[in-house]
Amino acid sequence: MPFRASISMLALLVSPCAASAADIEFWYGNIGTAEKAIVAACGAFNAAQQAHSVTCVGQGGYEPTMQKAIAAYRSGKHPVLIQFFDAGTLDLMLSDAVVPVEQAMPEVNWKDYLAGARSFYATSKGELYSQPYNGTTLVFYGNAELLAKARIDKLPETYEELAAVARKLKDAGVECPITTDGHPWRVLEQVAARHSVPIASRHNGYDGLDAEYTFNRGLIAEHLENLLRWRQEGLVKLDQDTRTGKYTAAFNSGECALMEASSGLYVDAFKALGDKVMVAQAPMYEGHKRYNTLIGGASIWLMKGHDEDRIEAARAFLDFIRRDDQQIEFTRATGNLPVTRSALELLQSSDKTRETEFATVDAGVRSLSAESTDDSRGIRLGFYMQFREIFQEETQKAFAGDQSMSQALDLAVARGNELLRRFEKTYSNVTLP
């Protein structure tokens with residue numbers, strides 16, 4: 001159900017929550033290591049000042065958070081601050097349920113945010129709608145001990161090298177050279193962005209709601225065909241091929257040697273493998289210039305329907321977690337990246353980037369901050385969460401041998417375009433910001 005259709009009228013009707021004016025709720029979707037860090041940040045905010053307090057409420061995942069937010073709006077019990085992940089950005093922008101943070105907090109230097117962190121959550125004109133928070137990006141992980149079996153001491157920089165390394169690993173007795181789950185964030189969006197290849201027309205939707213998916217031809221189609229061929233050759237294992245049934249667990253257990261994954265997974269990988277973990281930027285195809293990868297994780301949105309006291313408490317909390325020291329602590333605890341230049345410069349000047357806990361910062365920030373183009377700044381396509389499910393469903397059928405990869409991509413494009421047309425019809429009278 002479109003977010004706007006559910007709550008646009010309610011945004012005008014909802015009255016302030018019943019709690020004290022300076023007490024607010026912040027809903028978040030993370031679990032595990034990131035959740036512990038969010039709860040710690042909330043506790044630090046409450047301990048640092050007397051004027052306001054925040055109650056941070058976990059919703060068990062990003063998608064449940066959105067569904068619960070719709071229900072909360074219906075009942076008038078929505079929080080002041082809510083965390084949404086990257087795929088929900090357009091839905092939130094058009095929901096009429098949020099106040100752009102640049103409008104609510106004009107005194108903040110929003111230009112301090114790293115370009116890759118800012119562009120995903122900004123309008124086509126550059127106005128930031130939400131405050132980037134748990135920022136991650138795609139990095140490349142290796143297991144030094146397994147690579148040593150094939151006498152390899154550095155991570156491959158190109159996919160052509162990766163295939164050659166994987167064959168050497170297999171010949172050396174490593175049963176799982178590469179692992180992935182085939183999620184579109186890793187095998188579609190991030191590959192396209194760093195090669196500056198669009199996945200949809202109209203610069204991935206930034207120029208209008210009439211965009212259409214185009215990834216069933218060109219580099220992305222070739223990449224998916226490669227993944228299928230490498231799996232058939234025994235070089236790539238998907239979730240279902242691994243002993244643990246999950247690609248990240250397969251890497252962390254030492255079953256698999258290489259994986260592309262979020263920088264936010266580093267803490268768990270290091271806990272499992274220690275100094276064996278190697279980190280670098282994700283591979284490129286030969287002959288292509290490297291552009292930026294996309295920000296992952298999520299941002300925090302300021303919701304309408306609250307009185308000025310609560311909005312002021314929300315501003316105070318956003319100011320607190322944007323502080324350099326708070327970003328660095330969050331990076332230490334989670335493997336996420338600093339998202340402002342000031343926090344990054346403070347971290348680099350302190351030499352903490354040499355410490356193990358900050359191992360993903362160099363590769364992650366370099367990747368996120370690489371030159372950007374109109375086709376690498378982000379994804380602005382409607383019903384994108386549902387599209388990701390379609391992409392996964394069709395490509396997994398190809399990996400299972402039930403259809404060819406070209407058929408899978410054609411079907412994913414066709415079904416995805418049906419979603420885009422429905423979204424365009426739903427918002428036919430809305431101007432894309």
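In the next few minutes I will go through a sheet, a pair of helices and one alanine in this structure, which is a predicted model.

Let me begin with the sheet, which is open and made of five strands in the order 8-7-9-6-10, with mixed pairing. At its edges lie strand 8, covering 236-237, and strand 10, covering 277-280, and each of these pairs on one side only. Further in, strand 7, residues 176-179, runs parallel to strand 9, residues 256-262, and three bridges join the two. If you want a place to look in that pairing, Cys176 stands opposite Cys256 of strand 9.

Now to the helices. Two packed helices are described by the distance between their axes and by the angle between those axes. For helix 16, residues 324-334, and helix 17, residues 341-349, the axes come within 9 Å and cross at roughly 65 degrees. Since the range from 65 to 115 degrees counts as roughly perpendicular, these two helices are therefore described as roughly perpendicular to each other, and the crossing of helix 16 past helix 17 is right-handed. As for which residues meet there, helix 16 contributes Asp324, Gln327 and Ile328, while helix 17 contributes Ser342, Ala343, Leu346 and Leu347. Sorted by class, that contact holds four nonpolar residues, two polar ones and one charged one.

Finally, the alanine, Ala164, which sits in helix 9, residues 159-171. Its relative accessibility is 36%, so Ala164 counts as partly exposed. Taken from C-alpha to C-alpha, Ala164 lies 57 Å from Gly305, and the two are 141 residues apart in sequence.

Terms used. Residues numbered from 1 in each chain as written. Predicted model: local features only at pLDDT ≥ 70, side-chain atom pairs only at ≥ 80, totals over all residues. Heavy atoms only, no water. Pairing = 2+ DSSP bridges. Helix = DSSP H or I, 4+ residues; strand = E, 2+ residues; numbered from the N terminus. Axes fitted to C-alpha atoms, helices over the stretch in contact; angles between N-to-C directions. Parallel < 35°, antiparallel > 145°, perpendicular 65-115°, else oblique. Left-handed = near helix turned anticlockwise from the far one by under 90°. Contact = heavy atoms within 4.5 Å. Nonpolar A, V, L, I, M, F, W, Y, C, P; charged D, E, K, R; others polar. Buried < 20%, exposed > 50% of the residue type's maximum accessible area, 1.4 Å probe, protein only.
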